[in-house]
Every structure is written in structure tokens, then in C-alpha cells.
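Trainee: Could we go through this model together? I should like to begin with the terms and then turn to the details.

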Amino acid sequence: QVQLVESGGGLVQPGGSLRLSCAASRTIFYKNVGWYRQAPGNERELVAAITAVGVTKYADSVKGRFTIFRKTTNAVDLQMNSLKPEDTAVYYCNTGGRYSGDTYYPGDYWGQGTQVTVSS
């Protein structure tokens with residue numbers, strides 16, 4: 001079992017930056033970790049993932065703007081730059097998933113989410 005807690009969300013103007021953090025109750029350094037988001041009326045979608053060996057994957061909509069990285073053995077951050085109104089969503093951290101081909105399949109462990117609102 002592992003508990004995940006997201007933090008760092010908030011209100012930011014278009015073009016601004018935020019850094020989200022996913023803190024785990026135990027080490028996730030050798031675990032696949034994904035950041036997802038869900039906007040009202042939309043399905044939850046994968047934003048970025050990092051594999052156990054450090055390979056990263058991004059949704060096309062965030063490539064070049066978002067960066068996922070391991071901050072510590074217990075934390076994975078998501079640096080978000082050049083934010084757009086369409087990035088507005090609740091962002092969730094996930095671990096315990098697996099990578100197959102070019103696809104990350106989420107695991108059973110989710111955080112409670114953190115709200116990101118991009119608006120002027």
C-alpha cells in the first residue's frame with residue numbers, strides 16, 4: 001500500500017507556471033508514476049508518465065511545456081510552463097501502473113487530486 005498526496009495547484013494566468021508535487025508514503029523511486037488530469041465533463045487523461053528506469057512520456061498537448069521528474073525517492077514533480085486555459089483541470093498522481101509498448105496503464109494508487117485553474 002502507498003498513499004499519494006498532490007500539492008502545488010492553484011490559480012495562474014495564461015502563460016504562467018506551476019509546479020505540482022506528488023508525495024508518497026514510501027519510496028516510489030523504482031515505480032512507474034503518472035500524472036493525470038480531469039476537466040469537468042471530460043474523461044481522466046494521462047498528462048505525463050515516468051517509468052521505473054526514467055523514461056518519460058507526454059501527451060501531445062503538453063509536450064515542450066510540461067516536465068515530469070523525480071524530485072526525491074518519495075516524490076515526483078510536474079513542472080508546468082506556458083500554461084493555457086485548456087490546462088484547467090484536477091490533476092492526479094498515480095503509481096503502481098505498468099508500461100506496455102508506448103502506453104502507460106494506471107495502477108491502483110491515486111492521490112486526491114489538486115486543482116489547477118488557468119484564467120486571466
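Mentor: Let us start with a definition: helices (H or I, at least four residues) and strands (E, at least two) are DSSP runs, numbered from the N terminus. Threonine 103, for instance, is found in strand E11, residues 103-105.

Trainee: What should I know about the model and its numbering?

Mentor: This is a predicted model, in which local features need pLDDT of at least 70 and side-chain atom pairs count only at pLDDT 80 or more, while totals for chains, interfaces and linings use all residues. Residues are numbered from 1 along each chain as its sequence is written, and side-chain values use heavy atoms, with hydrogens and water left out.

Trainee: Is threonine 103 buried, exposed or partly exposed?

Mentor: Threonine 103 counts as partly exposed because its relative accessibility is 34%. Buried means under 20% relative accessible area, exposed over 50%, and partly exposed in between (1.4 Å probe, protein chains only).

Trainee: How far apart are the C-alpha atoms of threonine 103 and leucine 46?

Mentor: They are separated by 9.8 Å, and the two residues are 57 residues apart along the chain.

Trainee: A change of topic: where does aspartate 87 lie?

Mentor: Aspartate 87 is in the loop between strand E8 (75-80) and strand E9 (89-95). Aspartate 87 counts as buried because its relative accessibility is 1%.

Trainee: Which side chains does the side chain of aspartate 87 join in polar contacts?

Mentor: One polar contact, of 2.9 Å, is with arginine 37, and another, of 2.8 Å, is with arginine 65. A polar contact is a pair of N or O atoms within 3.5 Å; within protein, one must be able to donate a hydrogen and the other to accept it, and residues adjacent in sequence count only if both atoms are side-chain atoms.

Trainee: And which residues does aspartate 87 touch?

Mentor: Leaving aside residues up to four places away in sequence, aspartate 87 touches Arg37, Arg65, Phe66, Ser82, Val116 and Val118. Contact here means heavy atoms within 4.5 Å.

Trainee: Now the sheet: in what order do the four strands stand?

Mentor: The order is E1-E3-E8-E7, in an open sheet with antiparallel pairing. E1 (4-7) and E7 (66-72) stand at the edges with a single partner strand each, so one side of each has no neighbour in the sheet. Two strands pair if DSSP finds at least two bridges between them.

Trainee: How many bridges join E7 to E8?

Mentor: Six bridges join E7 to E8, and these strands form a hairpin with two residues between them. Threonine 72 stands opposite alanine 75 in E8.
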